[in-house]
Amino acid sequence: MPFSKLMGVEIVAATKEYVTGTLLVCPDLCTSGGIIHGGAIMTFADALGAIGAYLTLPEGAKGTTTVESKTNFLRAATEGFIVTAETTPINVGRRLSIWQTTITREDGKLVALVTQTQMVL
């Protein structure tokens, strides 16, 4: 996905049951205070959820799209941190799949919890 690549998202593993990736918190992804922007966190999670949804598409489906996303922001990640996202399916149905992503800092502290719904196209 071009936008995720532009942000610096690195996919570590991707299966139907689990998607994980990393992201370096660089200045371009931060607020003026040197803290990762909420939009960067949401984009990171959305990319991994979309990959998971794509991998679980039924035969003949054209693609997937996000139809809902909710983010709980729990703590900051500052410039220079590497954050890791781990995405797992909560439910995979014929028309919708729901994915949950945890984003953590290098010290293991939870930065955000994201739940999103993907629709089969």
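In what order do the elements of the protein chain run from the N terminus on? The order is α-β-β-α-β-β-β-β. That gives the chain 2 helices and 6 strands. The radius of gyration is 14 Å, close to the 14 Å that the globule rule gives for 121 residues, so the chain is as compact as a globular protein of that length. The model is predicted.

**Overall figures**

Along the principal axes, the C-alpha atoms fill a box of roughly 45 × 25 × 25 Å. Buried residues account for 35% of the 121 residues. The chain exposes about 6600 Å², and carbon and sulfur atoms supply 57% of that area. Take the contacts between residues at least 6 apart in sequence: 62% of them join residues at least 24 apart.

**Strand pairing**

Three pairings are listed here. β1 covers residues 10-14 and β2 covers residues 19-24. β4 covers residues 82-92, and β6 covers residues 110-120.

| Pair | Sense | Bridges |
|---|---|---|
| β1 and β2 | antiparallel | 4 bridges |
| β4 and β5 | antiparallel | 8 bridges |
| β5 and β6 | antiparallel | 9 bridges |

Each of these pairs is also a hairpin. β1 and β2 have 4 residues between them. In that hairpin, Ala13 stands opposite Thr20 of β2. β4 and β5 are separated by 3 residues. β5 and β6 have 5 residues between them, and Gly108 in that turn has a positive phi of about 85°. Strand β5 thus pairs with β4 and with β6. On the β6 side, Ser97 stands opposite Gln118.

**The two faces of β5**

In a regular strand the side chains alternate between the two faces of the sheet. Strand β5, residues 96-104, shows this pattern. Ser97, Trp99, Thr101 and Ile103 point to one face and are buried. Leu96, Ile98, Gln100, Thr102 and Thr104 point to the other face and are not buried.

**Thr101**

Thr101 lies in strand β5. Is Thr101 buried or exposed? Its relative accessibility is 0%, so Thr101 counts as buried, the cut-off being under 20%. Its bridge partner is Thr87. The side chains of Thr101 and Thr87 also make a polar contact, at 2.8 Å. Which residues does Thr101 touch, leaving aside its neighbours within four places in sequence? Thr101 is in contact with Ala45, Ala85, Glu86, Thr87, Ala112, Leu113 and Val114.

Technical notes
Residues numbered from 1 in each chain as written. Predicted model: local features only at pLDDT ≥ 70, side-chain atom pairs only at ≥ 80, totals over all residues. Heavy atoms only, no water. Buried < 20%, exposed > 50% of the residue type's maximum accessible area, 1.4 Å probe, protein only. Pairing = 2+ DSSP bridges. Polar contact = N/O pair within 3.5 Å; in protein donor to acceptor, adjacent residues only side chain to side chain. Contact = heavy atoms within 4.5 Å. Rg over C-alpha atoms; globule rule 2.2 N^0.38 Å. Areas by Shrake-Rupley, 256 points an atom, 1.4 Å probe, with all protein chains shown as cover.
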